[in-house]
Amino acid sequence: MKTIMSILMSLFFTLPSFANTDENKSKGLEIKISEDSMQSQEHINSSFNFGNVPIGQSRWANFRLTNTGYGNIAVFNIYVSGGGFYAWGSCPYWLYPGQSCYTRVEFRPWYQGGHSGQLTYSTSAGNYYVYLYGWGYYW
């Protein structure tokens, strides 16, 4: 039964950028993973660059997590690390087939130079990491 469920389950991550500046309106990232592929890998990686942001201002992006499989996916934890990155959202513990949830990540640099962080989705299908980048500058 577990093998059948792992074959039928897939997790679809859409990471569109709905940033609050015109230059980021067209950026987006879409990644499909299945539980089968998670069996052979410890984690799946992706990255998102917030670009140049003046110190004292911020830029944000919404990350959408969608279950496109036939079984339920448990969302154990969603967290962000790294200086200047903040996250909040409302993902339920169980993500049912066809259901989506959003996590908003904000980049608010507090020093000049490069910033890096990581958004982590810990799910029953495995862990998914989004490496975050941005550059703070004085204007």
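**Disulfide C91–C101 and the surroundings of Y111**

In this predicted model, C91 is partly exposed, with a relative accessible area of 23%. This value lies above the 20% under which a residue is called buried and does not exceed the 50% over which it is called exposed, so C91 falls in between. C101, by contrast, has a relative accessibility of 4% and counts as buried.

C91 and C101 are joined by a disulfide, with an S to S distance of 2.0 Å. The link connects distant parts of the chain, its two cysteines being ten residues apart. C91 is located in the loop between β6 (85-89) and β7 (94-95), whereas C101 belongs to strand β8 (residues 100-107). The torsion about the S-S bond is about 85°, and the disulfide is therefore right-handed. The structure holds one disulfide.

A second site examined was Y111, which is placed in the loop between β8 and β9 (113-123). The relative accessibility of Y111 is 32%, so this residue counts as partly exposed. When neighbours within four places in sequence are left aside, Y111 is in contact with I55 and G136. Of these two partners, I55 is 56 residues from Y111 along the chain, and the C-alpha atoms of I55 and Y111 are separated by 6.6 Å. The side chain of Y111 also has a polar atom at 3.2 Å from the backbone oxygen of G114.

Definitions and conventions:
Residues are numbered from 1 along each chain as its sequence is written. This is a predicted model: local features need pLDDT of at least 70, side-chain atom pairs count only at pLDDT 80 or more; totals for chains, interfaces and linings use all residues. Side-chain values use heavy atoms; hydrogens and water are left out. A disulfide is a pair of cysteine sulfur atoms within 2.5 Å. Helices (H or I, at least four residues) and strands (E, at least two) are DSSP runs, numbered from the N terminus. Buried means under 20% relative accessible area, exposed over 50%, partly exposed in between (1.4 Å probe, protein chains only). Contact means heavy atoms within 4.5 Å. A polar contact is a pair of N or O atoms within 3.5 Å; within protein, one must be able to donate a hydrogen and the other to accept it, and residues adjacent in sequence count only if both atoms are side-chain atoms.
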